[in-house]
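Got the model open in your viewer? Let's walk through it one selection at a time.

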Amino acid sequence: MSQSKTAGPVPEDKTAEEEQPRSPREIRLVMVGLVVTMLLAMLDNLIVGTAMPTIVGDLGGAEHLSWVVTAYTLATAASTPIWGKLGDLYGRKGTFLTSIVIFLVGSALSGLSQNMNELIGFRALQGLGAGGLMVGVMSIMGALVPPRDRGKYQGMFAAVMALATIGGPLVGGFITDHLSWHWTFYINLPLGVIALAVVVVTLKLPKVRNTARIDYLGAILLTAGITSLVLITTWGGQQYAWGSKEILGLAALAAASLIAFCYVEQRVEEPMLPLTLFKNLNFTLVSIIGFVVGFVMFGSTVFLPLYQQIVQGASATNSGLLLMPMMFGMLVVSLVVGQAVTKTGKYRIFPIIGTLVMTGGLILLSTMGTETSSFTSACWMIVLGAGMGFLMQITMLVAQNSVELKDMGVASSTATLFRTIGGSFGVALFGALFNNRVKDTMGELLAGKPTPPGGMKDPGQTSPAELRKLPDYIQDAYHHAVSNGMHTVFLWGAGVAVIAIAAALFLREVPLRGTGKGEKPAESSLEAAAV
């Protein structure tokens with residue numbers, strides 16, 4: 001079968017070259033740079049989070065503390081779809097290298113910050129570059145490695161995710177204690193230089209020139225919508241009440257921006273996010289599943305260490321290690337699933353199993369109480385991690401297999417964006433449910449009983465050492481309150497996960513693009529998955 005030419009704004013030579021099979025050696029060399037870049041993207045917030053108390057002590061401005069994280073998160077989320085589209089229009093290699101450089105410049109300037117305002121601004125610059133790191137890694141992988149063979153390499157990314165989640169807080173604590181908080185940012189520089197050098201030398205993709213006009217209005221509207229959503233989930237129930245004029249105003253802005261964005265995207269020559277992608281049933285379904293995975297994963301990683309520290313008395317110093325069982329389950333299953341997909345070319349069964357196992361893990365975690373042992377909770381975490389291991393890479397694989405090569409960047413960025421937004425909503429909703437349940441339980445158990453001078457602290461602000469100094473009846477109230485909060489959080493999480501089960505059941509088994517020379521990007525397969 002002769003190789004088809006891809007119509008549209010992307011030159012034919014670009015598509016043709018990207019469709020050519022790459023040698024295993026070439027892919028392995030490029031993978032070094034991609035893996036290091038992914039490590040950069042995932043480590044940063046985890047390392048910096050550990051150092052934040054020291055940073056505030058040095059720079060002052062504790063009232064602006066939340067903005068150090070929010071500025072980075074906002075810039076990352078808002079720029080993610082834009083980086084994906086720029087890669088499709090002007091070449092993935094150039095935009096990827098640009099995002100790395102911006103990230104490194106932001107890291108260096110953040111380390112040099114002399115006050116909190118400077119740090120917030122430079123963190124926003126760093127986040128702007130970070131938005132292109134993950135998208136660049138995934139879209140380049142999608143261009144170099146056919147979906148049928150991608151399982152051979154996805155285990156590397158699962159391992160990086162586990163390493164970053166476990167090692168980030170430990171590395172951040174070590175740097176803060178033995179060097180200075182400045183090095184929590186400077187550590188990105190040698191890693192980034194290695195990634196830059198490897199990508200420049202080993203990645204061979206054609207240069208692309210495109211005459212299509214950038215969809216500036218679409219980019220502005222999408223950025224406004226995403227920014228409003230992230231601010232709602234960041235501020236809602238924390239800095240502002242959910243019914244406050246600030247949150248309602250942001251909700252109105254988000255709705256208006258996204259509605260206007262959909263209107264614009266149907267009328268421009270080269271849309272920032274082609275809405276036609278969502279006519280593909282599989283693409284829409286895996287976007288929903290990715291949202292739920294982000295919702296569950298980020299919500300879980302926030303509250304599980306709190307339960308283990310407050311109720312089970314674990315040390316906060318090694319908080320990263322507390323999540324090891326979940327990461328272990330995710331890593332092992334992701335490796336097995338990747339190899340299975342490569343050997344069989346079949347994938348539909350894995351999202352179905354994964355969503356069921358993930359839901360089961362959430363239900364098991366909801367049963368944890370004050371008497372639950374560390375071993376039992378670790379077993380339930382393994383189940384949850386295993387469920388997410390079935391889904392983490394498969395959702396990206398199906399998303400990329402559902403589009404033409406010319407849309408690989410925007411498909412990767414959309415999948416990443418849905419997971420990011422899901423994570424933001426997960427943390428916000430779980431946080432509101434947890435706090436309300438804890439307050440109610442504390443009020444019931446301590447009604448009419450004396451409380452410590454200065455009042456009761458929130459469980460999230462009470463260390464195990466401080467808790468042990470309190471009277472037994474107050475410790476018992478804290479333990480029951482946190483356990484009840486966890487029960488509510490994970491039970492609601494299981495309810496949300498049912499949506500992912502439904503989406504997985506409707507997925508269709510569309511053949512994965514293979515490595516056959518001259519093979520078409522399977523237009524007939526794509527049409528088979530379209531609504």
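Start on the outside: select Phe 328, Val 332, Val 336 and Ile 382, which together make a nonpolar patch on the surface of this predicted model. Between them they offer about 340 Å² of accessible area. Now color helix H12, residues 324-344. That helix supplies the largest share of the patch, 3 residues.

Stay on H12 and click Val 332, which sits in this helix. Is Val 332 buried, partly exposed or exposed? Its relative accessible area is 35%, so Val 332 counts as partly exposed, since that class runs between 20% and 50%.

Next, zoom out and show the whole chain as a cartoon. You should find 18 helices and 0 strands. Switch on the surface: the accessible area comes to about 21500 Å², and 66% of that belongs to carbon and sulfur atoms. Of the 531 residues, 56% count as buried. If you draw contacts with a separation of 6 or more, 82% of them link residues 24 or more positions apart.

Time to go inside. In soluble globular proteins, nonpolar side chains tend to be buried together. Here the largest nonpolar core has 122 residues. Select Leu 304, Met 358, Met 388 and Met 486, the members with the most contacts inside that core. Then center on Leu 304 and show what is around it. Leaving out residues up to four places away in sequence, Leu 304 touches Leu 323, Met 326, Leu 365, Met 368, Met 381, Met 486 and Phe 490. Apart from the 122-residue core lies another core, of 11 residues. To find this other core, pick Val 48, Leu 59, Ala 71 and Ile 120, which are among its residues.

Now move to helix H17, residues 472-505, and select Ser 483. Where does this serine stand on accessibility? Ser 483 counts as buried because its relative accessibility is 5%, and the cut-off for buried is under 20%. Show its partners: with neighbours within four places in sequence set aside, Ser 483 is in contact with Tyr 307, Val 311, Met 368, Gly 369 and Thr 370. You have met Met 368 before, as one of the residues that Leu 304 touches.

Last stop: helix H8, residues 188-202. Put a distance line from its first C-alpha to its last and you get 21 Å for 15 residues, close to the 21 Å expected at 1.5 Å a residue. Then color the buried positions in H8: Asn 188, Gly 192, Ala 195, Leu 196, Val 198, Val 199 and Thr 202.

Definitions and conventions
Residues are numbered from 1 along each chain as its sequence is written. This is a predicted model: local features need pLDDT of at least 70, side-chain atom pairs count only at pLDDT 80 or more; totals for chains, interfaces and linings use all residues. Side-chain values use heavy atoms; hydrogens and water are left out. Patches are made of residues with over 30% relative accessible area and no salt bridge: like charges are joined within 9 Å, nonpolar side chains (Val, Leu, Ile, Met, Phe, Trp, Tyr) within 5 Å. Accessible areas come from the Shrake-Rupley method with a 1.4 Å probe; for residues, only the protein chains shown count as cover. A salt bridge is a side-chain nitrogen of Lys or Arg within 4 Å of a carboxyl oxygen of Asp or Glu. Helices (H or I, at least four residues) and strands (E, at least two) are DSSP runs, numbered from the N terminus. Buried means under 20% relative accessible area, exposed over 50%, partly exposed in between (1.4 Å probe, protein chains only). Contact means heavy atoms within 4.5 Å. A nonpolar core is a set of buried Ala, Val, Leu, Ile, Met, Phe, Trp, Tyr and Cys residues joined through side-chain atoms within 4.5 Å. The expected span of a helix is 1.5 Å times one less than its number of residues.
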